[in-house]
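Thanks for coming, everyone. Please look at the screen, and I will walk you through the model.

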Amino acid sequence: MKRILLVLCLVGLVLFPLLSCEYYVNLASQIFIFAVFAASINLLLGYGGLPTLGHASYLGVAAYASALLSLKAGMGALAAAGIALVGTTLMACAFGLIALRAAGLGFLMLTLALSQVLWGTAYRWVAMTDGDNGVRGLSRPTPFGIPLDDANAFYWFTLAISILALAAMARFVHSPFGAALKGARDQARRMSALGHNVWMIRWITFVYAGFWGAVSGILYVYYHKYIHPVSLSLTNSAEGLLAVIAGGSGTLAGPLVGATIVMVLKNYVSGYIERWNMLLGFVFVFIVVFMPEGVVPGVKRLWQRFSSKT
């Protein structure tokens, strides 16, 4: 039954652009991009027990690197994206060496501090990033000669990358290494006593999460065809963290549900309500009060209770 439902969902997602207007197709593309970003945060928070407020660093740096390599170095989209992903992953390796010197609140503050350094650099290094004006004049790539300027074409491209990313992260957390990661989250001392290198497990996860954060950054700059220092901001990291908590940390579907909630409120509801941030706060408070474990585990709990009664 689960496989049938999964196939039906995939078919529905593939056919969605043919049954909807361009606005909703673009909104769905943004949800997929943000879901990849939130899922990469979930690797750290949900499965590693490492709360972060600096994950926007990888999205922003990858987006900037890809954009600048294309515009100023004249590289093709594929080469620019590849170099941006490698460079951002190496940055995650270095940041992990610094941030993992602490845990809990210390880890949170270190990730925030590193992110703020990059955010300030993006604003101040005007010669490279054009400061508050952002990098403009970008275009979408044409993989296999297929232009992505059309909303439907870019939707299918984003859908394919998102499915690949979410499947890779699902495989990661369900592997023996993922079991060790969850063990390090729950019983770090016991895992160390059993001979596991807890620090190395967390560092590898940190780098892996940074890589997928960078992938979301490449998709982000392709969608907007523009990049601004706000992509590196605390707000962007906080929205990703909020999506994970709202959807349900430590679950595979939680980041996707949370990303949908945040992006719908941010893009759709904001067109009707001026103070949409207040509504987002109320929604988050409602979820925390009535479903403290998140929407996905909460709905699952309610369904099991209803099924047991019937």
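Is Trp-156 buried, partly exposed or exposed? Trp-156 has a relative accessible area of 34%, so it is partly exposed. Keep in mind that this is a predicted model.

Where does Trp-156 sit? It lies in helix 7. It also belongs to a nonpolar surface patch of about 670 Å². Its partners there are Val-7, Val-11, Val-14, Leu-15, Leu-18 and Leu-19. Helix 1, residues 2–19, gives the most to that patch, with 6 residues.

Stay on helix 7, which covers residues 151–173. Ile-163 is found there too. Its relative accessibility is 38%, so Ile-163 counts as partly exposed. Now find Val-36. Ile-163 and Val-36 are 127 residues apart in sequence. In space, their C-alpha atoms are 9.0 Å apart.

Next, the empty space. Rolling a probe the size of a water molecule over the atoms shows where empty space is left.

Start with the largest pocket. About 1,400 Å³ of space lies in it. Its lining has 33 residues. Leu-6, Cys-9, Leu-252, Ala-253 and Leu-256 lie nearest its centre. Which elements give two or more residues to this lining? They are helix 1, helix 2 (22–45), helix 7, helix 12 (254–267) and helix 14 (295–309). By class, the pocket lining divides into 26 nonpolar, 4 polar and 3 charged residues.

Now the cavity. How many cavities of 30 Å³ or more does a search of the whole structure find? It finds 1. The volume of this cavity is about 70 Å³. Among the residues that line the cavity are Leu-44, His-55, Tyr-58, Phe-95 and Phe-206. Three helices each supply at least two lining residues: helix 3 (56–71), helix 5 (105–124) and helix 10 (198–224). Helix 5 gives the most, with 3 residues. The cavity lining has 5 nonpolar and 7 polar residues, and no charged ones.

On to charges. The count comes to 4 salt bridges. I will show you three.

Take Asp-130 and Arg-136. Their side chains meet in a salt bridge, at 2.9 Å from N to O. Asp-130 is partly exposed, at 26% relative accessibility. Arg-136 is partly exposed as well, at 46%. Asp-130 is found in the loop between helix 6 (126–129) and helix 7. Look at its backbone too. Phi of Asp-130 is near 65 degrees, a positive value in a residue other than glycine.

Lys-225 also has a positive phi, about 55 degrees, although it is not a glycine. Lys-225 lies in the loop between helix 10 and helix 11 (234–247). Its relative accessible area is 32%, so Lys-225 is partly exposed.

Back to the salt bridges. Glu-239 and Lys-266 meet through their side chains at 3.0 Å, N to O. Why does this pair tie together separate parts of the chain? Because Glu-239 lies in helix 11 and Lys-266 in helix 12, parts that are 27 residues apart in sequence. Is Glu-239 buried or exposed? Buried, with a relative accessible area of 10%. The cut-off for buried is under 20%. Lys-266 is partly exposed, at 29%.

One more pair. Glu-293 forms a salt bridge with Arg-301, and the closest N and O atoms are 2.8 Å apart. Glu-293 is partly exposed, with a relative accessible area of 29%. Arg-301 is also partly exposed, at 29%.

That is my tour. Questions, please.

Notes. Residues numbered from 1 in each chain as written. Predicted model: local features only at pLDDT ≥ 70, side-chain atom pairs only at ≥ 80, totals over all residues. Heavy atoms only, no water. 1 Å grid on protein atoms, 1.4 Å probe; cavity = no way out; pocket = protein on both sides within 12 Å on 5 of 7 lines; lining within 4 Å. Points joined across faces, edges and corners; volume = space filled by probe spheres on them. Helix = DSSP H or I, 4+ residues; strand = E, 2+ residues; numbered from the N terminus. Nonpolar A, V, L, I, M, F, W, Y, C, P; charged D, E, K, R; others polar. Buried < 20%, exposed > 50% of the residue type's maximum accessible area, 1.4 Å probe, protein only. Patch = residues over 30% accessible without salt bridge, like charges linked within 9 Å, V, L, I, M, F, W, Y side chains within 5 Å. Areas by Shrake-Rupley, 256 points an atom, 1.4 Å probe, with all protein chains shown as cover.
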